[in-house]
Amino acid sequence: MCDTALARAEVLASVLYSDHDHDESVKLARTLEREHGEDPWSHYVLGMALGVRYVAEGDRTDLDGGLEHLREAIRLGGTEDPDAGTFRQQLAGALGVRWSRALIEDPDTDPAELAEALDVAREGLEMTDTHSPHLPDRLTQVAELLAQGAAGPEGLTEAVELIEYALEEAHPDDPRLSRFQHSHARILSLAAARPGADPALAEAAETSALRAGHLAPAYDPAQAGIAATIRSARMFRIRSAG
């Protein structure tokens with residue numbers, strides 16, 4: 001690890017991963033940003049701290065502030081910063097969280113509102129080296145945004161291609177593998193639900209979801225979502241067989 005990467009990791013750990021509550025983490029991050037306002041990492045750390053507190057406490061001001069600082073990290077870092085791809089990945093994730101929360105409140109929320117998230121996620125993916133450990137995660141992020149309708153219904157075909165590429169690139173011991181596999185199952189299930197879809201898609205979705213369940217620890221909270229995907233895929237399989 002180079003000196004810059006090590007220093008940044010230590011700063012992030014001291015703010016977010018030490019024994020602080022959310023308010024203290026935000027306070028530390030704000031101090032860092034005031035002292036190093038021209039450093040994109042200071043804005044990234046503050047954006048992350050605000051985002052973590054938003055997820056925990058639900059204050060929309062934190063979400064808006066987090067987005068502002070993640071965008072500032074991208075502006076200051078440009079395309080040459082060693083963490084330029086990470087800045088974009090996290091901004092896309094935060095925008096996705098904002099859309100998901102809006103969808104809970106209004107089921108008619110337009111997936112087109114994910115367009116910015118898709119754009120920055122694609123940028124992050126384009127900045128990612130073929131052999132980077134970040135590649136499967138960023139492929140999955142773009143695939144999930146496409147599956148949610150960020151580029152319209154036609155994006156689902158590309159989503160399937162990208163998530164399968166992510167699984168090909170993921171290391172067999174990657175602790176995120178179950179999550180990638182579950183995303184694959186959900187995306188295949190969406191494809192299987194389309195009128196005139198190949199019945200084999202539903203069977204492949206069920207098989208993929210079962211594999212995700214085997215990869216996840218027995219008491220992982222994600223098992224509930226995986227079980228729901230298995231039921232959904234099985235329903236499509238039975239329907240197509242009938």
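Start by selecting helix 5 (84-105) and helix 7 (135-147) in this predicted model. Their axes come within 11 Å and cross at roughly 35°. Turn the view until one helix sits in front of the other, and you'll see that helix 5 passes helix 7 in a left-handed crossing. Now show side chains: on the helix 5 side, pick G85, T86, Q89, A92 and G93, which meet D137, R138 and Q141 of helix 7. Colour that contact by class and you get one nonpolar, five polar and two charged residues.

Keep helix 5 on screen and add helix 3 (40-57). Here the axes come within 11 Å and cross at roughly 25°, which makes helix 3 roughly parallel to helix 5. This crossing is left-handed. For the contact itself, select P40, W41, Y44, M48, Y54 and V55 in helix 3, then T86, F87, Q90, V97 and R101 in helix 5. What classes do the residues of the contact of helix 3 with helix 5 divide into? Eight are nonpolar, two are polar and one is charged. Leave T86 highlighted: T86 is among the helix 5 residues that meet helix 7, and T86 is also part of the contact with helix 3.

Next, hop over to the second largest pocket, with a volume of about 440 Å³. It has 22 lining residues, and the ones closest to its centre are Y44, D83, T86, H134 and R138. Some of these should already be lit up: Y44 and T86 come from the contact between helix 3 and helix 5, while R138 is one of the helix 7 residues that meet helix 5. To see which elements wrap this pocket, show helix 1 (3-16), helix 3, helix 5 and helix 7, each of which gives two or more residues to the lining. By class, that lining divides into nine nonpolar, eight polar and five charged residues.

Now for the largest pocket, where about 610 Å³ of space lies. Which residues lie nearest its centre? Select T140, E144, R179, S183 and R186, from a lining of 30 residues. Bring up helix 5, helix 7, helix 9 and helix 11 together, since each supplies at least two residues of the lining. Helix 5 gives the most, with nine residues. Colour the lining by class and you'll find eleven nonpolar, eleven polar and eight charged residues.

For the last stop, hide everything except helix 9 (residues 177-192) and helix 11 (residues 222-241), whose axes come within 10 Å and cross at roughly 30°. Are they roughly parallel or roughly antiparallel to each other? With that angle, helix 9 and helix 11 are roughly parallel. Their crossing is left-handed. On helix 9, select S178, H182, A185, R186, S189 and A192; facing them on helix 11 are G225, I226, T229, S232, A233 and F236. By class, the contact holds five nonpolar, six polar and one charged residue. Before you close the viewer, click on R186 again: R186 takes part in the contact with helix 11, and R186 is also among the residues nearest the centre of the largest pocket.

Methods. Residues numbered from 1 in each chain as written. Predicted model: local features only at pLDDT ≥ 70, side-chain atom pairs only at ≥ 80, totals over all residues. Heavy atoms only, no water. Axes fitted to C-alpha atoms, helices over the stretch in contact; angles between N-to-C directions. Helix = DSSP H or I, 4+ residues; strand = E, 2+ residues; numbered from the N terminus. Parallel < 35°, antiparallel > 145°, perpendicular 65-115°, else oblique. Left-handed = near helix turned anticlockwise from the far one by under 90°. Contact = heavy atoms within 4.5 Å. Nonpolar A, V, L, I, M, F, W, Y, C, P; charged D, E, K, R; others polar. 1 Å grid on protein atoms, 1.4 Å probe; cavity = no way out; pocket = protein on both sides within 12 Å on 5 of 7 lines; lining within 4 Å. Points joined across faces, edges and corners; volume = space filled by probe spheres on them.
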